[in-house]
Amino acid sequence: MITLTVNGTSHRLDIDPATPLLYALRGELGLNAAKFGCGLGQCGACTVIVEGEPVFSCLTPVIALQDRRVTTVEGLGTADKPGPLQQAFIDEQAAQCGYCTAGMIMRAQALLDRNTAASDAEIRAHMEPNLCRCGTHMRILRAIRRASEAMRDHPTGTAREARR
Amino acid sequence: MRILRILLAIAILLILAVGGFVLWSQRAEIAAIEPPPRAAFDRSLVEKGAQLAAIGNCIVCHTVPGGPAYAGNRPIPTPFGTIYSTNITPDPDSGIGRWSEEAFRRAMREGIARDGHHLYPAFPYDHFARASDEDVRALYAFAMTRVPVASRATANALPFPLNQRWTLVFWNLLYFDDTPFQPDPRQSAEWNRGAYLVEGLGHCGDCHTPRNLLGAERGELALAGGEAEGWSAPALDAASLAPVPWNAAHLFTYLRQGRDPEHGAAAGPMQPIVGDLAKANEADVYAIAAYIAGRIGEPSPEKHQRADALLAKAREAVEPAKPNPGEETGAAIFAGACASCHLGGPAIVSPRGIDLRLSAAISAPDPRDAIFIVLDGIHPPDGQPGPWMPRFDGAFTDAQLAALLGYLRAHYGQAPAWTDLETQMRDIRRSRERS
């Protein structure tokens with residue numbers, strides 16, 4: 001049995017310990033935000049946060065996640081009450097097809113959780129592993145900038161509360 | 001141990017320094033010139049200089065990552081302290097704009113700046129002493145036609161007495177050999193060209209030769225393997241530990257393209273080197289490959305057989321190796337995180353990861369390089385195409401990565417188990433968090 005703690009809730013799953021977290025999230029827990037893009041850690045569509053670090057869930061077997069906290073987009077807010085980063089993505093309309101969006105948000109969230117004063121260069125360097133084929137990068141960067149300002153002004157935003 | 005050695009080095013230097021004051025004399029200044037216009041340099045000479053600069057990887061040390069090219073000020077860590085590289089753009093005041101070709105040649109070959117002060121051997125004049133007049137002229141033309149950038153280097157952070165440049169008089173007396181390159185008439189022209197580039201402008205021994213406690217290359221162990229920014233720089237002689245022995249063709253592919261299907265991708269400090277070699281003269285890169293292959297030598301028939309067997313296994317492997325009891329965590333991590341790229345089957349990502357039986361890092365005497373690669377992945381320099389391996393430092397704990405490497409060493413390595421993997425993993429990770 002594998003114990004997974006996702007968005008603050010513990011789940012006991014009877015699955016192969018080598019199963020990638022992404023399959024457990026989507027197949028077992030019905031958390032469909034993280035996407036399967038390449039399955040090879042090359043695109044970032046599957047990015048989630050583990051203990052504050054952005055990781056590719058397609059390359060993280062569940063055996064490595066016992067006693068570690070996993071956060072997905074579902075843990076940042078809801079459609080009615082989106083987190084600051086989700087709200088910023090909506091405000092900037094930072095999506096075209098939307099397939100990369102969940103991964104983009106989670107990678108950006110990991111940065112903003114540590115540092116809401118990141119420079120544009122730091123944001124770009126941090127976001128480098130995640131790809132967007134539609135070319136919405138400029139909007140994504142604006143959304144991250146907007147969210148970082150919002151989070152600076154209201155340091156205990158909905159995202160942090162939702163994840164506790 | 002290292003501290004003791006450094007203290008010993010300092011003590012020896014102190015004693016030498018007292019006597020040395022008498023002997024020492026400042027080298028003469030070479031008169032400043034009016035900065036020559038770009039048009040003063042022949043285009044084909046500049047082009048040749050560009051290719052030689054790529055072989056010498058000048059840009060790597062003389063550029064702050066992301067900063068203006070050749071403007072210097074990159075911190076170069078040495079066991080003795082940090083040295084900041086100089087500005088080699090033709091800016092008249094902070095660069096080399098007022099340097100004559102003669103001053104440039106003396107700096108390259110003797111390690112003396114235009115005004116007569118000694119340059120630290122972090123600048124490999126001990127190698128560049130082999131460079132021909134012709135090649136130095138081309139490099140001068142190249143440097144003097146770069147975009148001038150006004151930028152002064154930060155003061156070096158070296159302890160006394162190493163911050164006294166005159167101490168280098170003794171270092172040079174002890175270790176600096178200024179003899180020009182001597183071709184070996186028994187060898188081919190290509191071999192000699194390779195030897196000239198490897199020993200001279202390429203300064204491969206800077207990393208691939210072990211150093212003594214005063215930081216000089218140990219000539220008797222030339223290319224026997226050294227260190228670079230914490231990574232091991234593998235032996236490029238008969239001691240080479242590559243699981244599949246190198247030959248000139250594979251070395252050429254590796255040096256030119258940054259990866260070779262039988263040896264994997266360049267990583268760590270070798271990455272910018274191969275990035276530069278892609279821009280160098282192709283025949284020169286082949287000559288380097290041919291010379292290094294000669295230094296490594298023909299493998300014994302047993303080595304050949306072992307390599308063929310490894311390659312056959314690598315081609316056939318589609319399932320991860322069966323774990324021994326206690327290796328389940330490492331095996332599960334390999335299956336879930338690594339196998340999709342590093343095991344046979346259709347190559348979804350191109351170029352795919354190599355079978356780890358062929359990886360020098362997994363078969364190396366110590367696990368440093370393998371630890372760096374699993375923590376940081378392999379990323380081509382900004383803006384360049386190349387194999388992209390994700391970093392795994394966030395996904396796994398020290399214990400988990402140690403379990404992974406233990407399993408890989410046992411089933412894919414060609415040497416006995418590493419000890420203390422978890423401690424080394426933790427130490428490396430902590431040392432980075434501090435810096």
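This is a short dialogue on reading a few features of a predicted two-chain model.

User: What should I know before I start?

Analyst: The model is predicted, so local features need pLDDT of at least 70 and side-chain atom pairs count only at pLDDT 80 or more, while totals for chains, interfaces and linings use all residues. Residues are numbered from 1 along each chain as its sequence is written, chains are lettered from A and ligands numbered from 1 in the order in which they are written, and side-chain values use heavy atoms, with hydrogens and water left out.

User: How much area do chain B and chain A bury between them?

Analyst: Buried area is the accessible area (1.4 Å probe) that two parts lose on being put together, summed over both. Here that comes to about 1500 Å², with 67% of it on carbon and sulfur atoms. On the side of chain B that touches chain A, helix 14 (residues 328–342) gives the most, with 8 residues. Helices here are DSSP runs (H or I, at least four residues), and strands are too (E, at least two), numbered from the N terminus.

User: And how many residues are in contact there?

Analyst: Contact means heavy atoms within 4.5 Å. By that rule, 18 residues of chain B meet 19 residues of chain A.

User: Where is H203(B), and is it buried or exposed?

Analyst: Buried means under 20% relative accessible area, exposed over 50%, and partly exposed in between (1.4 Å probe, protein chains only). H203(B) counts as buried because its relative accessibility is 15%. It sits in the loop between helix 8 (189–199) and helix 9 (205–208) of chain B. Leaving out residues up to four places away in sequence, H203(B) touches G56(B), P124(B), H127(B), F128(B), L197(B) and V198(B). A polar atom of its side chain also lies 2.9 Å from the backbone oxygen of L201(B).

User: Which backbone angle of H203(B) should I look at?

Analyst: Look at phi: H203(B) isn't a glycine, yet its phi is positive, about 35 degrees. E229(B), also not a glycine, has a positive phi of about 50 degrees. E229(B) is in the loop between strand 3 (226–228) and strand 4 (231–233) of chain B, and counts as exposed because its relative accessible area is 61%.

User: What kind of peptide bond joins F160(B) and P161(B)?

Analyst: Omega is the angle to read, and here it is about 0 degrees, a cis peptide bond. You'll find P161(B) in the loop between helix 6 (133–144) and helix 7 (168–175) of chain B.

Note on methods. A polar contact is a pair of N or O atoms within 3.5 Å; within protein, one must be able to donate a hydrogen and the other to accept it, and residues adjacent in sequence count only if both atoms are side-chain atoms.
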